[in-house]
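I opened the file to look up strands, cores and charged pairs. My entries follow in the order I made them.

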Amino acid sequence: MTSQNEHAGAARQEARTAEAVALLEQIRAGLAGVTLPLALPGAEQARREAAAAAAQLDDYILPRYRSLDAPLLAVVGGSTGAGKSTLVNGLVGHPVTRAGAIRPTTRQPILLHHPDEAAWFEGQRVLPGLSRIRGAPAGGEVTAAGAGPDSVSSLVLLADPAVPAGIALLDAPDVDSISDHNRLLAGQLLAAADLWVFVTTANRYADAVPWRLLLDAAGRDITVAVVLDRVPPGAEAEVSQDLRALLDREGLGGSRLFIIPETALDPQGMLPAGAVTELGEWLGRLAADAAGRSAVARRTLNGTVRTLAARIEGLAQAAREQEHAAARLQADAVAAYEDAAGRILDATRDGALLRGEVLARWQDFVGTGEFFRTLEQNVGRFRDRLGAFFRGEPAPAVKVEAAIETGLQAVILDEAANAAEDTDQRWRSDPAGRQLLGTDDLSGTSEGFARRAAAEIRAWQEGLMALIRTEGQGRRTQARWLSFGINGLGAALMIVVFSMTAGLTGLEIGVAGGTAVVGQRLLEAVFGEDAVRRMAEKARTDLAGRCRRLLQEEQQKFLERLPEENPAAAETLAAQSRALARLAENA
């Protein structure tokens, strides 16, 4: 019965582990798509956090979840000149790593493991971004095939029977190295550790850089052994008491503290026998205790997952800020061009287009005396006279169309330029917008916009002519509009579309309004009042749609610079953060 229960428990644990790995792999895949491209405050730090989260998943969390029974990885880290390499040599009892006065000393990380556990480290199970170099002791120091000064992204593996089975030691570069690469590599290695052996000295144990890393360790709940090296005779009690107080204050009161007195090294650079015995025995007991190793691994793993959950939540917030910034920039561009479209349509509704050249050509077309005198006479005589005028003078109708095209195009170009300038100013007042625009000047209309605007106006005019033909398909109506000419009726309908006089004053109201009435009376005589109203409304709607489409196409020069939308990104990250928190709680 006990065996069955154990088997069932193991099966449940295996299933939970598989679910955890699946979740973590999903999160890792999603992090590859977290770009946060907009230049917002904090975005650069968030991108670094995303890279760090991905690296920690690759280097530690996923490898440890996939192989919970793998040997513990103890990373030996610390400040420049703290004696890390000398400590590692002392633990194995002979020189294996280089120690000296030239900095940086540790150019390549060296991982020492028991010979029977080589398979755990020779592949890419842990720290997959570092290539492997198999080292061999020669002349009291590790040599590595192909390990020159430039092979700094590699991990030297050294099998040594002095390393107890169940644990591996990794000699990391200085955490405060003068080499940027070494500092980053030291941080990467410490993030991949099951436990830290942190080496400092009696003179430097309060330095800021190591304490930033120790605080990170406290946040991850990682097991830390602190080695206080080079303690002068008689200072052990005072220095160790002060260091313990610091550890307690920063949440590391449970850390083991090992003292190594200041002492001379032998000709091989080795510490005296017995200097690191206490630390070696502690590591040996931990390595021999399967349950203890498992507890250390799970404690560090759970703490790291909790830290990852907080990181992912921070990325979710950064993604939300990116979405809001992109939406704000998009709204600025859309609003500017919508306002421009509104102003164009206002100009087509309020009679403003009947000023100047359009008004002059219309007056040339219909005259200002003869036809006004006929407005109070019967429609038949009015139609006859106007029809005769149209049949005899077709050219003035075309001039009216051309004047309308020119005037309307000028309004569209002017408002499109205003919208571009407005959007450019709004974007340049925003850090994200400035980044997207760079040195490009988008404050005017795009190349070819004037040509496209003219083509749309002509297409609108052609559509208006087609509308007249459609309305005049009845035989009686057709006879009427044929007698007037389609160009003349088209010109009249365009004038009716622009005939509201809210934008005109003084004499212009009388002239423009009167000439518009001429066109309207003519159209009503041919098609009837309802048909004229319907045609005018259709023509206005068609023109409004064409103007809006023109400006929507024009605003794309701004919108196409925005990053691709992923509205679910922030919520996905937030949900993953919550799932990670539950995973850590239930582990």
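**Entry 1: a strand pairing.** I am working on a predicted model. I began with F198 and looked for its bridge partner in β8, which is V226. β7 and β8 pair in the parallel sense, and I count seven bridges between them. Next I followed the chain around this pair. β7, helix α6 (residues 208-220) and β8 form a β-α-β unit, and its hand is right. The chain then crosses from β8 through helix α7 (residues 236-249) to β9, in a β-α-β crossover that is also right-handed.

**Entry 2: β8 and its other neighbour.** How many residues of strand β8 are buried? I get eight of the nine in the run 223-231, so the strand is largely enclosed by the rest of the structure. I then checked β9 (residues 256-261). It runs parallel to β8, and five bridges join the two. One position I looked up is A225, which stands opposite R256 in β9.

I also picked I259, which lies in strand β9. Its C-alpha atom is separated by 5.0 Å from that of L228, though the two residues are 31 apart along the chain. Beyond its neighbours within four places in sequence, I259 is in contact with L228, V231, E236 and S240.

**Entry 3: strand β1.** I turned to residues 72-78. Seven of the seven residues in β1 are buried. In a regular strand, side chains alternate between the two faces of the sheet. I therefore split β1 by face: L72, A74, V76 and G78 are on one side, L73, V75 and G77 on the other, and all are buried. Both faces of β1 are covered.

Which strands pair with β1? Strand β6 (residues 167-171) runs parallel to β1, with five bridges. Strand β7 (residues 195-201) runs parallel to β1 too, with five bridges. A74 shows both pairings: its bridge partner in β6 is L169, and its bridge partner in β7 is L195.

**Entry 4: S85.** I looked up S85 in helix α3 (residues 84-92). Is it buried or exposed? Its relative accessibility is 6%, so S85 counts as buried, the cut-off being under 20%. The side chain of S85 makes a polar contact with the side chain of D171, at 2.8 Å.

**Entry 5: cores.** I listed the nonpolar cores. The largest has 71 residues, and those with the most contacts inside it are L31, I61, Y65, W196, V224 and L580. Apart from it lies another core of 55 residues, with Y337, A341, A539 and L551 among them.

I took two members of the largest core further. V224 has contacts with W196, F198, L214, A217, L252, S255 and R256, leaving aside neighbours within four places in sequence. L31 is found in helix α1 (residues 2-31). Its relative accessibility is 6%, so L31 counts as buried. With the neighbours within four places set aside, L31 is in contact with A50, A53, A54, L57, I312 and L315. I also noted the C-alpha to C-alpha distance from L31 to A51: 8.0 Å, for residues 20 apart in sequence.

**Entry 6: salt bridges.** How many salt bridges does a search of the whole structure find? The search returns 28. I checked a few by hand.

R66 forms a salt bridge with E25, with 2.8 Å between the closest N and O atoms. R66 lies in helix α2 (residues 43-66) and E25 in helix α1, so this pair ties together parts that are 41 residues apart in sequence. E25 is partly exposed, at a relative accessible area of 37%.

D58 and R28 also meet through their side chains in a salt bridge, 2.9 Å from N to O. D58 is in helix α2 and R28 in helix α1, so the pair ties together parts 30 residues apart in sequence. D58 counts as partly exposed at 25% relative accessibility. R28 is partly exposed as well, at 24%.

Then I looked at R204 and D176, a salt bridge whose closest N and O atoms are 3.0 Å apart. R204 lies in the loop between β7 and α6, and D176 in the loop between β6 and α5 (180-191), so the pair ties together parts 28 residues apart in sequence. R204 is partly exposed, with a relative accessible area of 29%.

My last lookup was a network: E44, R47 and R48 are linked by salt bridges.

Terms used:
Residues are numbered from 1 along each chain as its sequence is written. This is a predicted model: local features need pLDDT of at least 70, side-chain atom pairs count only at pLDDT 80 or more; totals for chains, interfaces and linings use all residues. Side-chain values use heavy atoms; hydrogens and water are left out. Helices (H or I, at least four residues) and strands (E, at least two) are DSSP runs, numbered from the N terminus. Buried means under 20% relative accessible area, exposed over 50%, partly exposed in between (1.4 Å probe, protein chains only). A polar contact is a pair of N or O atoms within 3.5 Å; within protein, one must be able to donate a hydrogen and the other to accept it, and residues adjacent in sequence count only if both atoms are side-chain atoms. Two strands pair if DSSP finds at least two bridges between them. Contact means heavy atoms within 4.5 Å. A crossover is right-handed if, with the strands pointing away from the viewer, the path from the first strand over the helix to the second runs clockwise. A nonpolar core is a set of buried Ala, Val, Leu, Ile, Met, Phe, Trp, Tyr and Cys residues joined through side-chain atoms within 4.5 Å. A salt bridge is a side-chain nitrogen of Lys or Arg within 4 Å of a carboxyl oxygen of Asp or Glu.
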